[in-house]
Amino acid sequence: MIELDGSVGEGGGQVLRTALTLSMITGQAFRITNIRANRPRPGLMRQHLVAVQAAAQVCGADVAAAALNAQTLVFAPGRIRGGDYQFAIGSAGSCTLVLQTLLPALLYADAPSTVRISGGTHNPMAPPAQFLAQAYGRVLAAMGVEIGIELQRFGFYPAGGGEVLATVRPCAQLRRIELMERGERRAAYAEGFFAGIPASIARRELECVGAGMGWGEAQLRMRGLSEEQGPGNVLLITLEHEHVTEVFAGFGEKMVRAETVAHNVVRQVRRYLASGAAVGEHLADQLMLPMALAGGGRFTTERLSQHALTNAAVIARFLPIQISFEEGEGLHTCHLHSPV
């Protein structure tokens with residue numbers, strides 16, 4: 001049994017999610033202690049518990065000590081089964097993080113799958129659904145994966161109530177890829193989504209993006225949602241390049257000016273563009289696991305987060321893969337390869 005200390009490195013939920021995914025795929029059981037030890041409220045929150053329960057259902061696992069606020073867990077997987085799955089988080093906890101736990105494993109199932117998850121789709125502590133569909137999904141497609149991710153309904157913090165639907169076909173062997181350059185830009189646009197709040201908030205955000213990026217009206221898109229999906233607001237900036245798509249997000253909050261939200265997102269985008277890297281900080285976090293499953297790959301990123309370094313350490317506990325990083329000319333390169 002693999003022993004994991006959830007307080008090591010970043011000390012958040014990613015240690016648990018990566019362990020669940022790789023345990024399902026490799027058939028290796030694990031025990032984790034000090035779950036989310038570095039968070040203000042350690043232990044399993046609703047979204048983490050649902051991720052455990054969902055993983056257990058998908059592979060028929062034996063699970064010990066899975067409960068809200070639990071800081072220790074034992075997970076012994078069975079065989080991954082395709083099928084139609086539905087999970088409800090019951091809060092604004094992230095649908096996308098639960099989905100990211102399941103998607104790689106379902107590539108190794110015995111049949112196609114659909115996964116419907118309800119909860120939060122847009123909150124500051126997780127990737128928005130559009131990131132999963134357009135950025136992460138495009139990488140998987142390049143690796144030979146047939147996958148579809150659809151946002152059925154927005155679910156903003158703190159109410160939740162959103163829904164994401166994914167379809168997954170088994171893929172016996174992922175294709176190795178390298179993302180060293182992003183290539184020529186093909187499209188760039190900003191979207192201001194709003195529900196149950198004045199439209200002027202999204203309009204002000206988009207005006208700031210237009211001024212900060214030098215974009216015209218055609219690239220600034222108002223996206224009004226039905227009242228019952230609110231209250232909530234998210235600003236998304238999408239950059240489509242020849243080899244990669246990136247999605248940057250900013251979330252409206254009480255007592256935070258629309259201009260502040262927009263300036264923060266524009267700063268992220270400018271930093272990414274100036275770096276020359278293929279992928280941004282958050283996509284770099286997510287690339288390592290599918291690349292490791294493919295047996296290798298490499299990519300350049302603007303910056304390496306503690307999140308990414310922690311993820312690399314957990315991956316290396318389950319798979320015979322070496323992950324190394326080198327820094328140069330304002331960006332980082334991640335190398336994944338099988339040991340000789």
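Which residue stands opposite Ala-88 in strand 6? The legends below take up that question along with several other close-up views of this predicted model.

**View 1. Strand 5 and strand 6 run side by side in the parallel sense.** Here is the reply to the opening question: Ala-88 faces Ser-118, a residue of strand 6. Strand 6 covers residues 113-119, and five bridges link it to strand 5.

**View 2. An open sheet is built from four strands in the order 5-6-8-7.** Its pairing is mixed. At the edges you will find strand 5 (84-88) and strand 7 (147-153); each has a single partner strand, so one side of each has no neighbour in the sheet. From one strand to the next, the twist averages 15°.

**View 3. Helix 3 lies across the strands of the 5-6-8-7 sheet.** This helix, residues 95-106, lies across strand 5, strand 6, strand 7 and strand 8 (162-168). If you follow helix 3 alongside strand 6, the angle between them is about 165°.

**View 4. A second open sheet has its four strands in the order 1-2-4-3.** The pairing is mixed here too. Strand 1 (2-5) and strand 3 (62-64) are the edge strands, and each of them pairs on one side only. The average twist is 15° from one strand to the next. For a detail of the pairing, look at strand 3 and strand 4 (residues 73-76), which pair in the antiparallel sense over three bridges. In this pair of strands, Val-63 is placed opposite Phe-75 of strand 4.

**View 5. Helix 1 and helix 2 meet the 1-2-4-3 sheet.** Helix 1 (residues 14-26) lies across strand 1, strand 2 (30-33) and strand 4, and runs at about 175° to strand 2. Helix 2 (residues 46-59) packs on the sheet and touches strand 3 and strand 4. The direction of helix 2 makes about 20° with that of strand 4.

**View 6. Helix 1 and helix 2 also touch each other.** Their axes come within 10 Å and cross at roughly 0°. Helix 1 is therefore roughly parallel to helix 2. On the helix 1 side, the contact is made by Leu-16, Arg-17, Leu-20 and Met-24. Helix 2 contributes Gln-47, His-48, Ala-51, Val-52, Ala-55, Val-58 and Cys-59. Sorted by class, the residues of this contact are eight nonpolar, two polar and one charged.

**View 7. Helix 4 crosses helix 7 at roughly 40°.** The axes of helix 4 (residues 129-142) and helix 7 (residues 281-294) come within 10 Å. The two helices are therefore oblique to each other, and their crossing is right-handed. From helix 4, the contact draws on Phe-131, Ala-135, Tyr-136, Val-139 and Leu-140. Helix 7 supplies His-282, Leu-283, Gln-286, Leu-287 and Pro-290. This contact has eight nonpolar and two polar residues, with no charged ones.

**View 8. The ends of an annotated domain are shown together.** In an unreviewed entry, UniProt lists residues 9-324 as "domain: RNA 3'-terminal phosphate cyclase". The end C-alpha atoms of this span lie 16 Å apart. As for its make-up, the span is 36% helix and 26% strand.

Key: Residues are numbered from 1 along each chain as its sequence is written. This is a predicted model: local features need pLDDT of at least 70, side-chain atom pairs count only at pLDDT 80 or more; totals for chains, interfaces and linings use all residues. Side-chain values use heavy atoms; hydrogens and water are left out. Axes are lines fitted to C-alpha atoms, for helices over the stretch in contact, and angles run from 0 to 180 degrees between N-to-C directions. Angles under 35 degrees count as roughly parallel, over 145 as roughly antiparallel, 65 to 115 as roughly perpendicular and the rest as oblique. A crossing is left-handed if the near helix is turned anticlockwise from the far one by less than a right angle, and right-handed if clockwise. Contact means heavy atoms within 4.5 Å. Ala, Val, Leu, Ile, Met, Phe, Trp, Tyr, Cys and Pro count as nonpolar, Asp, Glu, Lys and Arg as charged, and the others, Gly among them, as polar. UniProt positions are given in the numbering used here, feature names are shortened, and annotations may be inferred rather than shown by experiment. Two strands pair if DSSP finds at least two bridges between them.
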